[in-house]
Amino acid sequence: MRAEVVSDEVARLEGLWLAATELAAELDLVLGRHEDVAARLPAVVAAHPLREGLRGALLLALYRCGEQASALNLYEQTRALLADELGTDPSPQLQRLHELMLHQDPVLLASDPVTAPTVETTAAPTAAPGTVPDEHGTRAGHGTRAEGSAGASAAADGAGEAMVGRARELAHCLGAWRRAATGAPSSIALTGEAGVGKTRLAEELAHHVQADGGQVVWGRCTDGTGAPAYWPWRQVLTALANSREPSAVARATAGRGAAAALLLPGAGSVPAAAGTGRSAPAPDIAGMAPEAARTVLFEAVTAFLEQLAVQQPLTVIVEDLHWADPETLQLTEHVVTRATGARLCLVLTLRDPEASSDEARDRVLSLASRLPHARQLHLRGLSTADVQRYAAQRLAAPVEAAAAQRLHERTNGNPFFIAELVRLLAEERASSDGADLEVPRSVQAVLERRLVHLGPGARQVLEAAAVLGREFEVRLLAEVLGRSPLALVDDLDTATAAGIVHAEPGTTGVYSFTHALVQEVLLAATGPMRRSALHARTAEVLEGVHADDLEPAAARLAHHHTAAGALTDPERAVRACLLAAEVAGRHAAHSEAEQHLRTALARSSAGAGPRSAQLELEVRVRLGSLLTLLHGYNTAEVAQHRHRAVHLAEQVGTTGHLFSALWGAWGVALVSGDFPAAEAAALQLARAAERRDDAVLRLAHHHALGQVRLHQGRLHEARSDLSAATALAEEHSGQVDLALFLQHPAVTAPAWLAVVLTLLGEAEEAEEVSGRAREAAAALRHDYTSAYRTVLEGWRAAFRDDPHAALETTEAGLRLSTGRGFEQLTAFATAPHGWALARLGRTGEGVSELERALETFQASPAGHMFGHLMHGALAEALAEAGRWQDSARAARRAVTESERTGERFFLPRVHLALARALARTGAGAEEVQAQLDHALVTAEVSGAAGVADEVRRERAAHAAAHPHLRPRPRVVDLSPRVGVRST
């Protein structure tokens with residue numbers, strides 16, 4: 001028993017020693033001691049031949065010593081050993097190291113080993129004598145950042161001291177930067193509790209980057225200050241644009257990078273190219289589907305960074321990612337993933353991920369740790385020895401080891417806590433003649449006591465500043481307090497001397513709190529009514545300052561009005577949220593837009609009376625439209641908002657509100673396959689048009705009812721309504737609001753009319769009307785409308801049995817739909833594309849595409865339209881493949897769908913397909929004849945002349961082959977919810 005315990009302990013200690021040996025070798029390589037590693041490791045590798053980490057370190061050491069042949073020989077020995085002993089290949093890390101050696105890649109000469117991504121979780125090592133940490137854990141009082149910074153770090157006295165306690169972490173950061181400088185993008189995620197020194201480590205890295213000839217730009221996320229979406233990336237791009245030549249910025253915002261101009265100040269245009277003197281308009285991404293708009297914007301930002309990194313390698317530092325909006329996180333993830341060929345080092349700082357379960361932030365951390373040459377460095381508190389040095393420096397007096405130990409225990413080595421505690425004790429001992437003082441037990445308590453010493457006047461100024469944000473303008477602060485900027489000078493100087501705030505370098509009249517915790521403590525200590533009043537006053541001041549153009553302040557206005565609660569005018573709060581949502585939507589920040597709209601809905605729904613109802617209606621219309629764009633028509637929440645909007649619109653709505661509500665309700669019902677409800681909404685549009693004598697409402701009525709009649713198989717009525725809609729759309733085209741219609745009726749009305757005419761057998765007129773729709777789409781240049789028309793043309797080709805045209809048209813529609821992220825249109829175009837493939841002999845591909853399209857539509861819990869069409873098209877494709885039993889099953893499913901929903905326009909073709917499948921599977925002649933009769937009846941009733949002629953020919957041939965069959969009387973049921981059937 002004792003021997004087993006000893007053996008286990010020996011194995012454990014040996015494992016720890018080997019891990020320490022690997023770590024020591026890695027650090028020696030970081031510090032350039034490759035000769036020591038090459039001399040020391042061979043014996044260890046010989047004793048432990050299967051430790052790939054040791055072999056990798058030795059490989060790199062030999063290579064750096066100029067012994068490339070020995071390094072390559074060692075790799076071959078390793079490969080053979082692993083194959084013989086374990087039956088495996090070397091790890092991906094070793095294989096990549098071998099590949100880099102073969103290509104003599106310069107990255108191997110950097111002072112950081114080429115290893116797998118790792119997560120470092122360490123306390124700060126003991127610093128060299130004479131170095132002291134500051135509030136951020138490393139330098140006493142460094143108060144500036146690199147040029148182009150979004151803000152400065154905590155200012156304090158003692159600037160110029162060397163960093164202490166983070167040598168190892170700094171070595172990893174420098175290795176990442178130097179890899180990036182050679183063209184291998186790298187990323188570092190610095191995590192840890194508030195005040196542990198993440199920013200200070202990033203600052204030290206920035207100094208080294210600048211010394212190496214690189215550029216550093218900063219962006220900072222903010223908590224609850226109303227910053228717009230992508231705020232840190234706006235700061236980064238603005239800093240880059242301001243620091244580079246205009247011609248370089250113009251090149252970076254050309255082509256793929258054009259949309260990056262949307263995140264620059266004056267986002268309406270792309271910077272002028274050299275020699276032109278003209279600015280090009282920034283690309284309009286607002287008309288794209290959400291996913292496509294985000295992709296275009298994110299790719300543009302990535303291209304912008306890549307282009308500027310060609311001229312000078314970049315380090316981008318994004319701070320406080322734990323406060324990032326969803327769009328910032330998505331953009332950060334995109335840049336980390338896609339900037340694979342840029343001289344770019346991305347540094348992210350965020351508080352401990354375990355303190356929050358935010359899935360999006362965890363995804364960014366996970367991604368950063370998985371990428372090649374990526375690290376997640378988790379910073380812990382300083383060691384006791386570093387605490388002793390720091391306290392002695394701050395107090396200008398020796399500190400005993402026992403006192404340093406107690407200080408370490410109280411603060412857990414958190415540098416910011418140590419700094420503030422030392423400041424407090426120095427201040428209070430000076431005012432109490434050295435008497436013993438109670439030591440606060442949290443950094444928040446320390447800050448609260450320090451703020452007391454500033455006096456009530458400075459405290460009130462700082463409370464108002466905290467409401468404005470981590471960074472604040474003195475002029476705006478003075479307006480909020482109703483004082484002149486000069487009257488604030490003494491209080492701000494006092495706070496600056498105390499290390500509470502500092503002036504932002506390179507700016508005039510802009511200050512920042514030295515740490516986010518300072519702002520948080522001030523906000524928490526401000527009474528709720530005073531805080532609300534300050535928010536209300538800030539909103540009022542911002543509205544006055546930006547009276548000519550509220551858009552640049554939209555997000556801040558929405559934030560302050562919302563935070564003001566009952567102390568602000570509810571209508572102004574709702575209007576601010578609506579404006580912020582509109583601005584966010586134009587920048588593909590749909591999550592932020594949705595959040596603003598939900599906030600507006602909560603404020604508008606809480607009131608009473610006609611004005612509150614009007615506000616609620618406006619918000620619900622906007623929110624319903626956004627959710628439709630994001631998730632499609634037929635979701636439960638979209639239907640809820642549309643139905644409530646219809647109710648409100650009937651009571652208090654304008655014509656525009658009424659149109660939007662009824663058109664939305666019709667769209668929800670139609671896409672869900674609820675044709676009676678869609679018909680009811682279309683008839684409501686007619687009544688509204690009559691009451692208000694409005695041409696656009698009348699256009700919407702005919703357009704909506706024409707589509708309903710088409711689905712119901714009432715083709716002549718559909719023709720009448722769609723003809724009226726086409727004429728009205730041409731006459732009133734300028735009055736159409738695309739944000740409400742989504743597709744322009746000047747295109748879609750004739751496009752649907754061409755479909756109806758094709759089904760009626762009016763081929764010549766159908767082509768003429770289709771041409772008018774095509775010309776209108778070309779003149780309009782609206783991507784969603786164009787994609788919609790192209791998809792309809794693909795189906796129209798299928799209805800006239802032209803697979804070549806169907807294939808050509810749907811491929812164009814798919815390119816446009818997928819390229820712009822129109823998911824529903826992509827699914828709808830996939831079905832006729834699959835039908836065309838099957839008809840042209842590529843049956844396997846065609847059937848697969850049709851089945852995939854069906855799965856997409858059937859995934860909607862609210863039901864869907866085109867059920868009988870897609871199952872019918874699948875039946876025809878399966879027949880082309882010779883799968884007659886499957887074809888019959890698909891046709892029967894199409895009939896069932898038609899009976900369930902009342903959708904009938906493709907029903908004649910369905911019955912014809914079923915008759916053919918039955919004939920090929922040995923069914924009785926009577927059963928085949930019954931289906932042919934069904935096909936003829938439904939074709940004649942609906943007016944589908946072309947299909948009716950085809951059925952008559954096939955019916956006559958069947959009768960000739962089976963002369964014993966007697967004609968059957970035909971009875972038609974025309975109820976709106978039950979399919980046409982003959983008996």
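D886 and R889 form a salt bridge in this predicted model, with their closest N and O atoms 2.3 Å apart. Both residues sit in helix α39 (residues 884-901), and because they are three residues apart there, about one helical turn separates them. D886 is partly exposed at a relative accessible area of 23%, whereas R889 counts as exposed at 52%. The count of salt bridges comes to 49.

**Pair between two helices**
- E616 pairs with R644 in a salt bridge whose closest N and O atoms lie 2.9 Å apart.
- E616 belongs to helix α25 (residues 610-631) and R644 to helix α26 (residues 636-652), so the salt bridge ties together parts that are 28 residues apart in sequence.
- E616 is buried, with a relative accessibility of 6%, a value under the 20% limit.
- R644 is partly exposed, its relative accessible area being 32%.

**Pair between a helix and a loop**
- R178 and D212 form a salt bridge, and 3.7 Å separates their closest N and O atoms; this falls within the 4 Å cut-off.
- The pair links distant parts of the chain, 34 residues apart: R178 is in helix α6 (residues 167-181), and D212 is in the loop between α7 (198-211) and β3 (215-220).
- R178 is partly exposed at 28% relative accessibility, and D212 is also partly exposed, at 41%.

**Network**
- Salt bridges also link E767, E793, R796, R800 and D802 in a network.

Key. Residues are numbered from 1 along each chain as its sequence is written. This is a predicted model: local features need pLDDT of at least 70, side-chain atom pairs count only at pLDDT 80 or more; totals for chains, interfaces and linings use all residues. Side-chain values use heavy atoms; hydrogens and water are left out. A salt bridge is a side-chain nitrogen of Lys or Arg within 4 Å of a carboxyl oxygen of Asp or Glu. Helices (H or I, at least four residues) and strands (E, at least two) are DSSP runs, numbered from the N terminus. Buried means under 20% relative accessible area, exposed over 50%, partly exposed in between (1.4 Å probe, protein chains only).
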